Amino acid sequence: MNRVRTVLGDDPEITFAEKRYTMISGILEECLTKTETGMTFSDKLDKVLLNKYLGIPIFLILVWALFQFSIEASGVFMVIIETALVTVGEFFGTLLAGNEIAASLVQDGIFGGFAFILPFLAPIFLMFLGIAWLEDSGYFARAAFVMDKLLRKLGVHGKTFIPMMLGFGCNIPAIMACRSIEGEKDRMISILSNPYISCGARLPVYVLFAAAFFPGFEGSVIFLMYMLGLAVAIFTAWLLRKTFFKGEPEPFIMELPIYRVPTLRESVLHMWERGVVFLKKAGTWLFLGAIILWFMSAFGPAGYLGTDPDVSVSYTGILGGLIQPIFAPLGFDWRLGAALIFAFLAKEIAVESLGIIFAVEGNVAIGGALAGVFSPATAAAFMIFILLYIPCIAAVGTIKSETNSWKWTLFSIVYSIIIAYVIAAIAFVLLSAIGLGVIGGA
Amino acid sequence: MTVRVALIGNPNVGKSVIFNNLVPGARQHVGNWPGKTVEKKTGKYRYNGEEYDLVDLPGCYSLTARAVDELVSRTYILEEKPDVVVNIVDASNVERNLYLTLLLIELEANIVVALNQMDVAKSKGYTIRTERLSSRLGVPVVETIATQKVGMEKLKKVIETAAKSPKPASMTYPSDIEGLIEKLVTILSADTSLVTHHPARWLAIKIIERDKEVLEMIQGTPLDSKIEEVFA
């Protein structure tokens, strides 16, 4: 059939398309009248939001406002959830007063670790509400358009930014969304640069550490973490383009939807869809994880360690001690080392494991306990390491299935650890230089 | 008897909103990412005692064999033969949207056009003579504003009518092409199994367009050489 020639010229499909459009024009001549109305509201808004110079600053301000909103507005919800859990915890505590080990499991493991993570669902949900609102209003599509100019200069496809925005929720659907990117090289770059975008699971770590070490600046510190993730993602995309995936990005054509005021129902539905993943994870893996983490922290090779023991001789302590020397220059102790190992399963487990370790040690106020053990510089280095090193195990699985290559999956893991360490170290040195390297000296 | 209805339209025309309006409690998110509806979404609603099965097809601009989304939609319409295909058309962007409508007419689907975002069209200064448009296309056209749930009852009514008395429309192209289409249709009609599964006119158009999938269907059959003669 390849020899089929046609009366319609070289590209019959285009010729046919033109005929269809001619027919449409004919129909519309009879059915459609246009009156000049000048610029619509949507056009006027785009004049500002898509402005060559204002576009990126406006994007940054909106994202900053998003984090400020999710932190400020979630405070009250966090207190409510916390208070409720403490009440329930105390009730179970008195119930199990006779059995030391069972009481420790419930108090330190379930309530110190598992329940400790639950209030952090409030900022996650509120952030998703804000993201849903920005997305439904039509702004996110513009953000991709605004960023395209910058990305194109770096040789990165503008469409890469769409999965990046999705990554603010969860990297797994974001990496899968890279399927919509046509060019194979562009697609690989998008997949491999996506894990550095900070997902919802990292948020509890920032909220905990920002409140303990940078009180009053939580929203801005969290904003900086997200921006750092975005910068590393863009840098990684640029690096891959210059090295393994040489070439020009394919052209980017995108339709901008009109602006509209999202309905509350839609935004709440959308928030729920994204947030429910975290609820399910909490009810299953984080609960199971709390029991295992408690066991590893309350027991050691010597057996049960007793009330308020030295957790550094527990299984958790030994495990954390194994990798601690590598992180000693950044001020990490075995606790943070252990948190990093466990957080590979899911990043919120970093918070859960720290909660359990401190609870088993007999510390109730974890924020204060943290500030008593680490310097702000170490806290920042830890947040950065959590942000950048290997995404969770599920995301690694997704990278493998989407790249269909063990080589690139392994590359992603090794590269992420190196870049996480280097940037955490730079931040540690810089913050120490301005006097934030002292424990208790925020 | 359940009526099977498919929703189709360009991206960002409010297709998901219409889906949510028709199906009570639909848990589908309405976003603005182009091509958001990548997977097939389904739902049910009742109207006048009749049950309707709704399928949300991927948002697309045309129905070629090149893009996966488009192929999904066209294969669904050809193979599943839904009773009614609701084509959501953005009233504020009719010209580009009607392209898909023409393609659906070529597919000989039983079409209902929902002329959506009438409010936006109005604010842009567009006046659309809906009845005239309906008679020119040969398909029923319903005005809707999905975000305000305007026109939804009317749409359900028109879907019901279309399901009860299907009247597939047809488009006549300029005579040079029509001549070619007719010749091809005559040849294709010889293969009864092929034309019972696919509209002959549609196959002819796709052959002229050199559509990859259709050419592969023809390849190696006795029709192959006869079709080549037409182009010789």
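In what sense do strand β2 and strand β3 of chain B pair, and over how many bridges? Hi everyone, let's start there. Before I answer, please keep in mind that this is a predicted model.

The two strands, residues 41–47 and residues 50–56 of chain B, run antiparallel, and seven bridges link them. Together β2(B) and β3(B) make a hairpin, with two residues between the strands. If you look at the turn, you'll find N48(B) there, with a positive phi of about 50°. Just along the pairing, R46(B) sits opposite E51(B) of β3(B).

Now over to chain A. This chain has 19 helices and three strands. It holds 442 residues, and 46% of them are buried. For those of you who like contact maps: take the contacts in chain A between residues at least 6 apart in sequence, and 74% of them join residues at least 24 apart.

Next, the nonpolar cores. The largest one has 126 residues. The members that touch the most other members are Y206(A), F209(A), A381(A), M383(A), I384(A) and F385(A). Which helix gives the most to this core? That would be α5 of chain A, residues 121–136, with twelve residues.

Let's zoom in on one of those names. Leaving aside residues up to four places away in sequence, Y206(A) touches V221(A), I222(A), M225(A) and M383(A). M383(A) is a name you just heard, as it is also among the core members touching the most others.

Finally, there is another core, apart from the largest one, with 68 residues. Its members include I8(B), L98(B), L100(B) and V141(B). Thanks for listening, and I'm happy to chat!

Key: Residues are numbered from 1 along each chain as its sequence is written. Chains are lettered from A and ligands numbered from 1 in the order in which they are written. This is a predicted model: local features need pLDDT of at least 70, side-chain atom pairs count only at pLDDT 80 or more; totals for chains, interfaces and linings use all residues. A nonpolar core is a set of buried Ala, Val, Leu, Ile, Met, Phe, Trp, Tyr and Cys residues joined through C-beta atoms within 7 Å. A residue is buried if 20 or more other C-beta atoms lie within 10 Å of its own, exposed if 12 or fewer, and partly exposed in between; C-beta atoms are placed from the backbone. Helices (H or I, at least four residues) and strands (E, at least two) are DSSP runs, numbered from the N terminus. Two residues are in contact if their C-beta atoms, placed from the backbone, lie within 7 Å. Two strands pair if DSSP finds at least two bridges between them.
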